[in-house]
Amino acid sequence: MDIIEPFELAAQHRTLAGHLPVSSLPRLIPLLITDDLVVLGRCRVDYVLNFGVDEGGVPGLTGTLQAVLPLQCQRCMEELAFPVSLVLNLALVKSRQAAQQLPENYDPLLVLPDEETSVESIIEDELILALPQVAMHEIKDCPKGEAFLNTEDGSAPQRENPFAVLAQLKTSQSSHDD
């Protein structure tokens, strides 16, 4: 793990670029379909992190992250190769109060003086935030997607309103009351 000093890198306008194996991101691994380090070692995250100070004097980093992460489709329970392509625009802050005072176009990156910061931890945080709440193939690409398609036009079937029965009961109830 490469420990960095983000504020120093911003003052020096440094760029860090490279790639990391997904197997080096321990908090991300439990969120993936496999924890096989050999498989995850072949998956990688390509990154470019540009540290600097903007015209308003706000230290931060911009950059990109690109990866394909192996998630589990919640429809078919098979592997889903989930592409991640992120554009970062983070402001470096030393407190939660400073984070609240940032312009809206920045996301905060909290850098506490008594905690170590690494390239891996920054990348891992951003990847975790980018994961979908429910990962699913597109219906047309899902091995079990046919069950969700109408054969006529390829669109998802219309579901019946589960409360329609209650509406019918209410209608029949009011007609009996008359």
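Here is a short walk through the confidence of this model and its two largest pockets.

Let's start with how far the coordinates can be trusted. The structure is a predicted model, with a mean pLDDT of 83 for the protein. Of its residues, 80% reach a pLDDT of 70 or more. Confidence varies along the chain: strand 3, covering residues 44-53, has the highest mean pLDDT among the elements, at 96, while helix 5, covering residues 164-177, has the lowest, at 65.

With that in mind, turn to the open spaces. Rolling a probe the size of a water molecule over the atoms shows where empty space is left. In this model, the largest pocket holds about 270 Å³ of space. To find it, look for Leu109, Leu110, Val111, Glu115 and Asp125, which lie nearest its centre among the 13 residues of its lining. Strand 6 (107-110) and helix 4 (119-130) each give at least two residues to that lining. By character, the lining of the largest pocket comprises eight nonpolar, two polar and three charged residues.

Now move to the second largest pocket, where the volume is about 170 Å³. Its lining also counts 13 residues, and nearest the centre you will find Glu5, Val111, Leu112, Pro113 and Glu115. Strand 1 (3-4) and helix 1 (6-11) are the elements that supply two or more residues here. The lining of this second pocket divides into seven nonpolar, one polar and five charged residues.

Which residues should you keep in view when passing from one pocket to the other? Val111 and Glu115 are listed nearest the centre of both pockets.

Notes:
Residues are numbered from 1 along each chain as its sequence is written. This is a predicted model: local features need pLDDT of at least 70, side-chain atom pairs count only at pLDDT 80 or more; totals for chains, interfaces and linings use all residues. Side-chain values use heavy atoms; hydrogens and water are left out. pLDDT is the predictor's confidence in each residue, from 0 to 100. Helices (H or I, at least four residues) and strands (E, at least two) are DSSP runs, numbered from the N terminus. On a 1 Å grid over the protein atoms alone, a cavity is a set of points where a 1.4 Å probe fits but cannot get out, and a pocket is an open set with protein on both sides within 12 Å along at least five of seven lines; lining residues have an atom within 4 Å of a point. Grid points are joined across faces, edges and corners, and a volume is the space filled by probe spheres set on the points. Ala, Val, Leu, Ile, Met, Phe, Trp, Tyr, Cys and Pro count as nonpolar, Asp, Glu, Lys and Arg as charged, and the others, Gly among them, as polar.
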